[in-house]
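I sat down with this model to look up a few things and jot down what came out. Notes are in the order I took them.

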Amino acid sequence: MPKNLTRPDVPHAIAPPPIPDNRIVTLDEFIIRSEKDFEYATGELTGLLRDIGVAAKIINREVNKAGLVNILGVSSGNENQSGDVQQKLDVYANERLVECLQNSGECCAVASEENDDIIPVPGVGYKPNHYVVLFDPLDGSSNIDVNVSVGTIFAIYRRISDPSGPPSREDFLQPGKRQVAAGYVLYGTSTILVYTTGRGVNGFTLDPSIGEFCLSHRNMRIPDNGQNYSVNQGYYSKFDLEMRRYIDHCSDQNYGLRYIGSMVSDIHRILIHGGIFLYPSTRKYPGGKLRLLYECNPLAMIVEQAGGKAINTGLKRILDIAPGELHQRSTVALGSPAMVDELKAFIERYSALPI
Ligand code: AHM
Ligand code: MG
């Protein structure tokens, strides 16, 4: 029985009928139907997911026409706080996401890979705003100017600060297990938005003819095992012994190496076909390169919700890590559960050995 049936004061407390397989379900309809699964749904989370869907359509439009207009390339020498060179489309995507989330006032603050600090969002009227949103507006941005897929990643948390006061950094520095929703948009051969609110994972493909994300991948489940591994093998000599041994093992097993250089794209492939994604420590990034809060955590939640596993190379569950900084990095290994377990065995066996 859905939890909300225990709340007679909620006018829409009767669970909606299941969605038939043979009809188009738009993202908006799906989000609204799913709202009824939540015990204290006020519509804020629904509104946030819809805002992100709108921003994704706008970003998609620009990503698709990027080759036609003079928007490609590095943005006037700007560097973001992590020292990465920003591409123009990163800036554009960031602005659109901030704008869409600010306009509706459904969250009290946002944080982005492209901004050093959190951005408070002024309330709209007397609307309560209990959520904060983190995102990487355009992940894999080095792929942009070579026409290879890129993505947007997002994570939503309920704030922990007093809702009557200003938002704080602590609202964002929560372990990933407290995410109330997470997802990504992949701008690939088609554009797909995949998200979870902790009740499984669903994917919505953008139908450009009607301008709507339509349910295309119901209840996504990651295969238990896979035949592909995804890592930047160019850094092989910079990896720790246990990682080199695991990669040797993948090669001995004739696993295929697939690495797009856009984590969203690699994870999407792994969700569908199985496999493992690795970004371990390197000499340049001893603590890993990828950002915990808006790259590792949301994708870890998606992978776990689809039946997979996500750990760091210290064998800690990604979603249990207590963050200390907004732009904190982490090592990461995530994907099919059998492959993550296999990696774990290699780490346990070899990490104690001298290099
Ligand atoms: P970005 O957010 O600056 O684009 O960086 C994140 C990306 C991931 O999408 C990808 O997996 C990784 O960085 C690629 O890094 P590398 O080129 O070191 O393999
Ligand atoms: Mg990124």
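What follows is my notebook on helix packing, salt bridges, one covered helix and a surface patch.

**Entry 1: helices 1 and 2**

First a reminder to myself that this is a predicted model. I started with how helix 1 (residues 27-35) sits against helix 2 (residues 44-65), and I got a packing angle of about 165 degrees. Their axes are 10 Å apart. Anything over 145 degrees counts as roughly antiparallel, and helix 1 and helix 2 are therefore roughly antiparallel to each other. I also looked up the hand of the crossing, and for helix 1 and helix 2 it is right-handed.

**Entry 2: salt bridges**

How many salt bridges does the structure hold? I get 16.

I wanted one that bears on the helix pair, and picked Asp 28 with Arg 50, where the closest N and O atoms are 3.7 Å apart. Asp 28 lies in helix 1 and Arg 50 in helix 2, so this pair ties together parts that are 22 residues apart in sequence. Buried or exposed, or in between? Asp 28 is partly exposed at 27% relative accessible area, and Arg 50 is partly exposed too, at 32%.

Next I took Glu 62 and Arg 61, a salt bridge with its closest N and O atoms 3.4 Å apart. Here I noted a split: Glu 62 is buried, with a relative accessible area of 7%, whereas Arg 61 is partly exposed at 46%.

Then I went to helix 3 (residues 88-104), which holds both Glu 99 and Arg 96. The two are 3 residues apart, about one turn of the helix. They form a salt bridge, and I noted 3.2 Å between the closest N and O atoms. In this pair the acid, Glu 99, is partly exposed at 35%, while the base, Arg 96, is buried at 13%.

Last under this heading, I wrote down a network of salt bridges that links Lys 177, Glu 304, Arg 317 and Asp 320.

**Entry 3: helix 5**

How many residues of helix 5 are buried? I find 9 of its 11, so I put the helix down as mostly covered. The buried ones include charged residues, Asp 266 and Arg 269 among them, as well as Val 264, Ile 267, Ile 270 and Leu 271. Met 263, Ser 265 and His 268 are also on that list. Just after helix 5 I came to Gly 274, which takes a positive phi of about 85 degrees.

**Entry 4: the loop before helix 5**

I stepped back to the loop between strand 12 (256-257) and helix 5 (263-273), where Ile 260 has its place. Ile 260 counts as partly exposed, at 32% relative accessibility. Which residues join it in a nonpolar surface patch? Val 146 and Val 148 do, and the patch comes to about 220 Å².

**Entry 5: Gln 227**

One more loop, the one between strand 10 (212-217) and strand 11 (228-230), is where I found Gln 227. Buried or exposed? Gln 227 counts as exposed, at 54% relative accessibility. I then checked Gln 227 against Gly 256: the two are 29 residues apart in sequence, and their C-alpha atoms are 6.2 Å apart in space.

Notes
Residues numbered from 1 in each chain as written. Chains lettered and ligands numbered in written order. Predicted model: local features only at pLDDT ≥ 70, side-chain atom pairs only at ≥ 80, totals over all residues. Heavy atoms only, no water. Patch = residues over 30% accessible without salt bridge, like charges linked within 9 Å, V, L, I, M, F, W, Y side chains within 5 Å. Areas by Shrake-Rupley, 256 points an atom, 1.4 Å probe, with all protein chains shown as cover. Salt bridge = Lys/Arg side-chain N within 4 Å of Asp/Glu carboxyl O. Helix = DSSP H or I, 4+ residues; strand = E, 2+ residues; numbered from the N terminus. Buried < 20%, exposed > 50% of the residue type's maximum accessible area, 1.4 Å probe, protein only. Axes fitted to C-alpha atoms, helices over the stretch in contact; angles between N-to-C directions. Parallel < 35°, antiparallel > 145°, perpendicular 65-115°, else oblique. Left-handed = near helix turned anticlockwise from the far one by under 90°.
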